[in-house]
Amino acid sequence: MRSLKAIAAVAMCALVTITSNTASAQSPVLSQSSVSTTAVTQSAASTKPLAGLVIAIDPGHQLGNGQRKFAKHINEKRFNGRIWKICNTTGTATNSGFPESTFTWRVALVLKAKLERLGATVRMTRTANSVNLWGPCTWDRGTFGKRVGARLMIQIHADGAPRSAYGFHIITPALTRGWTDGIWKRDLVLAKAMKTGLIKGGLKPSTYIKGAISIRGDQTAMNLAKVPTVTVELGNMRNPSEAARMQSAKGQSGYASALLTGIRAYLNR
Ligand SMILES: [Zn+2]
């Protein structure tokens, strides 16, 4: 986000089969169908704890945001309750040029798969990572969660801070009268749950944002969001050790696991 300144059932089916066979052998009073229904319900609760929930993921930026041909769209400005701000930015990158948009995209895909395995329906603000695409604008990202009926939205980003700085932090909106009145307190609860989850998931809190939670009034998407939404800056792309982790598949999976732990901590599921 600092970059903004830079340019601006298989197992479940098996369990049900075994359970209904055992039960029908031991409990002739119960019809097999009622036993099966009970088994399915119990099994679904344990293996699909997020069933019935829609989770929105917003993978920050888009690979084509820096393309000159899209400059007119990217530089469009709107008022966000505090300041006039442009549609989006390129995001930051590692010192070797690995872009934030690609990092957030890859982590989002892993997180999406993990959430879906637990039964959630996942909706994403963008469906590709391409130099031939731009946006979406932050105002469209902000309203996305409500549009798709999401319980919450996680905006995935990475920071571009001084080389020695490292660790994650979470951005949550300040109270902006007429804009975030109904949501900022719930966002803060989500931010705290995400912080707990990310630490539990093995990530280090920021060395440069006190308490690893930053309350800001200038963030367009969160000022417009109507469901709990936070931005997670997973680390500093300019720190060599975090950059290496962000570029590896194992590292990306680790970030996604930590985000999942945070989401589950908030949902208490
Ligand atoms: Zn960003």
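Visitor: Which residues of helix 9 are buried?

Guide: This is a predicted model, so we're reading computed burial here. Helix 9 spans residues 240–247. A residue counts as buried when 20 or more other C-beta atoms lie within 10 Å of its own, and in helix 9 that picks out E242, A243 and M246.

Visitor: How much of an arc do they cover around the axis, and why does that put them on the same side of helix 9?

Guide: The arc follows the directions from the helix axis to the C-beta atoms. For E242, A243 and M246, the buried residues, those directions stay on the same side of helix 9, because the arc is only 105°.

Visitor: What do the buried residues of helix 9 pack against?

Guide: Two helices are on the list, helix 5 (100–117) and helix 10 (249–267). The strands on it are strand 8 and strand 5.

Visitor: How many of the residues of strand 5 are buried?

Guide: Try one face, then the other. L152, I154, I156 and A158 are buried on one side, and M153, Q155, H157 and D159 are buried on the other. Strand 5 is therefore largely enclosed by the rest of the structure, its buried count being 8 of the 8.

Visitor: Which residue in strand 5 is the bridge partner of A56?

Guide: Strand 1 (residues 54–59) pairs with strand 5 in the parallel sense, over 5 bridges. Within strand 5, A56 has as its bridge partner M153.

Visitor: And in strand 8, which residue does D159 stand opposite?

Guide: Strand 8 covers residues 229–236 and pairs with strand 5 over 6 bridges, again in the parallel sense. Opposite D159 stands N236.

Notes
Residues are numbered from 1 along each chain as its sequence is written. This is a predicted model: local features need pLDDT of at least 70, side-chain atom pairs count only at pLDDT 80 or more; totals for chains, interfaces and linings use all residues. A residue is buried if 20 or more other C-beta atoms lie within 10 Å of its own, exposed if 12 or fewer, and partly exposed in between; C-beta atoms are placed from the backbone. Helices (H or I, at least four residues) and strands (E, at least two) are DSSP runs, numbered from the N terminus. Two strands pair if DSSP finds at least two bridges between them. Two residues are in contact if their C-beta atoms, placed from the backbone, lie within 7 Å.
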